[in-house]
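Got the model open in your viewer? Here's a short tour of what to select and what you'll find there.

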Amino acid sequence: MNQTTATSDDRLIVALDVPNVLDGLELVNQLGDAVSFYKIGLGMLTGGGLALANELKLEHDKRIFLDMKLFDIGATVEAAVRGIAQFDIDFLTVHGDPHVVRAAKEGAAGKDMKILAVTILTSLDRTDLDASLIKEGAVPDLVVDRAANAFDAGADGVIASPQEAAAIRALPESAGRLIVTPGVRPAGADLGDQKRIATPAAAIAAGADHVVVGRPIHKAPSPRGAAEDILAELRSPQAQTPNS
């Protein structure tokens with residue numbers, strides 16, 4: 001059973017982008033019952049990320065988003081996902097290429113773990129795509145095309161910047177699928193390495209189901225206070241979708 005409190009709201013996913021397990025647990029303890037959902041990324045993996053995920057699930061009753069962005073041949077992705085699925089993870093990311101998504105869904109068969117497809121990283125812009133020899137086109141258009149392809153391949157949801165959430169939500173294929181948005185920054189926060197951003201309220205209003213926030217919380221003088229400010233914003237009228 002997932003933790004429910006008067007203050008937590010699993011639309012907010014806090015990124016544990018800290019150096020090691022001890023720092024991660026310290027942040028979780030600081031946030032307490034205000035936060036129910038955490039993201040553990042690739043940077044934490046070598047610092048005990050899977051062990052931390054298991055501890056947060058079993059001992060702290062938290063939901064876990066494992067952000068691995070897996071990419072390989074189908075058989076390797078399927079095997080990796082099958083192994084990860086044993087840890088009762090809630091969300092797992094893979095790259096949005098259709099062969100990767102299909103393999104990941106095979107690996108997750110029989111489990112509740114949701115496979116989320118990465119469209120285009122929120123730290124990238126058209127200049128970055130040109131340097132990587134990605135086909136021509138505006139970034140938002142490419143993101144929507146990749147999201148549609150990932151949905152067709154069976155993805156349970158996609159990772160996309162807040163700026164593309166509305167266009168993805170408008171896709172017929174998005175019905176019943178999740179949109180999770182990194183690149184979310186409260187008004188006035190440092191942008192860091194993100195280039196396609198929005199506020200938490202704007203991301204939810206655009207159709208996102210979850211927002212991922214890291215540095216604006218864990219680098220704040222009061223991480224819990226920063227999280228509670230974001231939660232308040234998510235419950236504000238500005239976060240209401242047009243049809244709600």
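Start with the lining of the second largest pocket: seven of its residues are nonpolar, four polar and four charged. Here Ala, Val, Leu, Ile, Met, Phe, Trp, Tyr, Cys and Pro count as nonpolar, Asp, Glu, Lys and Arg as charged, and the others, Gly among them, as polar. A pocket is an open set of points on a 1 Å grid over the protein atoms alone, where a 1.4 Å probe fits, with protein on both sides within 12 Å along at least five of seven lines; lining residues have an atom within 4 Å of a point. This is a predicted model, where local features need pLDDT of at least 70, side-chain atom pairs count only at pLDDT 80 or more, and totals for chains, interfaces and linings use all residues. Residues are numbered from 1 along each chain as its sequence is written, and side-chain values use heavy atoms, without hydrogens and water.

Stay there and select α7 (139-152), which gives the most to that lining, with four residues.

Next, pick strand β7 (residues 178-181): L178 and V180 point one way, I179 and T181 the other, and all are buried (under 20% relative accessible area, 1.4 Å probe, protein chains only). Helices (H or I, at least four residues) and strands (E, at least two) are DSSP runs, numbered from the N terminus.

Add strand β6 (residues 157-159), which pairs with β7 in the parallel sense over three bridges; pairing takes at least two DSSP bridges. Click I159 and you'll find its bridge partner in β7, V180.

On the other pairing, strand β8 (residues 210-213) runs parallel to β7, joined by two bridges. There, V211 is the bridge partner of T181.

Definitions and conventions. Buried means under 20% relative accessible area, exposed over 50%, partly exposed in between (1.4 Å probe, protein chains only).
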